[in-house]
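Subject: A structure to look at

Hello,

I am passing this structure on to you, along with some notes on what turned up in it. Please open it beside this message and read along.

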Amino acid sequence: MLFSNRWNQIHEHGTSHLSIVDRERNAVAMTATVKSYFGSLILSPSTGIVLNNEMDDFSIPTNVSADIPPPAPANFIRPGKRPLSAMSPTIVLKDEQLQAVVGASGGGKIIAATAEVLLNHFARGMDPFSSVMAPRFCHQLIPNVVSYENWTAVSGDYFDVPADIRAALRKKGHVLQSLSGGTACQFIVQDVGTLKKNGGIGKLVAVSDPRKGGFPAGF
């Protein structure tokens with residue numbers, strides 16, 4: 001997947017995503033972040049909450065190299081503004097029926113990961129678990145490099161883009177770079193085939209990405 005070369009997203013490690021569906025099929029997709037490990041490194045003495053470091057998501061005028069996206073004037077720091085974010089909490093509907101809920105953590109690669117999971121399931125016909133487990137790759141345009149997964153997660157699962165796909169990308173002229181880490185997606189799918197049988201309430205399948213050691217829960 002591609003990101004616009006107008007935006008420079010910084011790698012982050014302080015993001016979490018929740019995908020939630022209740023018994024009436026109301027859905028919530030919520031992504032929250034403190035931006036980096038322990039956010040701004042400031043703990044509120046009154047609430048005990050770690051304050052975020054979202055100021056880092058603003059663009060700042062600076063000299064850049066060929067491998068760094070240029071700063072975006074529309075995202076420069078101004079009073080009352082919110083910085084741009086790659087967070088992509090998504091709820092999918094069709095004919096007013098819930099199809100899926102998905103979102104991810106993983107900094108600037110969140111958009112690609114969320115899109116890949118959705119495409120795996122709805123375009124490629126993969127089941128929800130396989131859609132999440134499939135190895136991911138990402139091209140941010142600048143630098144001109146395709147990043148791909150090649151690592152073992154905390155769950156013990158090994159993620160690697162198949163050799164034939166890597167060879168095909170190289171044949172097209174892409175420069176590849178392996179990643180020893182990855183995004184984590186939380187994906188819930190409603191089986192629309194069971195809607196009529198259950199009075200408009202379809203069976204739910206929930207997948208929590210093992211890349212981050214999470215697991216789905218229901219009651």
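Two strands count as paired if DSSP finds at least two bridges between them. With that in hand, look at β1 (residues 15-21) and β2, which run antiparallel and are joined by seven bridges. In this pairing, Val-21 stands opposite Ala-27 in β2. The hairpin of β1 and β2 has five residues between the strands, and Arg-25 takes a positive phi near 70 degrees there. Please keep in mind throughout that this is a predicted model.

Next, the annotated positions. An unreviewed UniProt entry lists Asp-57 and Gly-107 under "binding site". They are spread over 51 residues of sequence, yet they cluster in space, with a largest C-alpha distance of 10.4 Å. Both sit in loops: Asp-57 lies between β2 (27-33) and β3 (90-94), while Gly-107 lies between β4 (97-105) and α1 (110-123).

Is Asp-57 buried or exposed? Its relative accessible area is 7%, and buried means under 20%, so Asp-57 is buried. Gly-107 has 0% relative accessibility and therefore counts as buried too.

Now to the interior. The largest nonpolar core has 13 residues, and those with the most contacts inside it are Val-102, Ala-104, Val-117, Val-132, Cys-185 and Phe-187. The elements that give two or more residues to this core are β4, α1 and β9 (184-191). Which of the elements gives the most to this core? That is α1, with four residues.

Val-132 is a good place to zoom in. Leaving aside neighbours within four places in sequence, Val-132 is in contact with Val-117, Cys-185 and Phe-187, which also appear among the core residues with the most contacts. The other contacts of Val-132, with the same neighbours set aside, are Val-207, Asp-209 and Arg-211.

One last residue to find is Phe-159, in strand β7 (residues 158-160). Phe-159 is buried, because its relative accessible area is 2%, under the 20% limit. Which residues does Phe-159 touch, not counting those up to four places away in sequence? They are Met-133, Glu-149, Asn-150, Trp-151, Ala-153, Pro-210 and Arg-211. Arg-211 is thus on the contact lists of both Val-132 and Phe-159. As for Met-30, its C-alpha atom is separated from that of Phe-159 by 26 Å, and the two are 129 residues apart along the chain.

Happy exploring, and best wishes!

Note on methods
Residues are numbered from 1 along each chain as its sequence is written. This is a predicted model: local features need pLDDT of at least 70, side-chain atom pairs count only at pLDDT 80 or more; totals for chains, interfaces and linings use all residues. Side-chain values use heavy atoms; hydrogens and water are left out. UniProt positions are given in the numbering used here, feature names are shortened, and annotations may be inferred rather than shown by experiment. Buried means under 20% relative accessible area, exposed over 50%, partly exposed in between (1.4 Å probe, protein chains only). A nonpolar core is a set of buried Ala, Val, Leu, Ile, Met, Phe, Trp, Tyr and Cys residues joined through side-chain atoms within 4.5 Å. Contact means heavy atoms within 4.5 Å.
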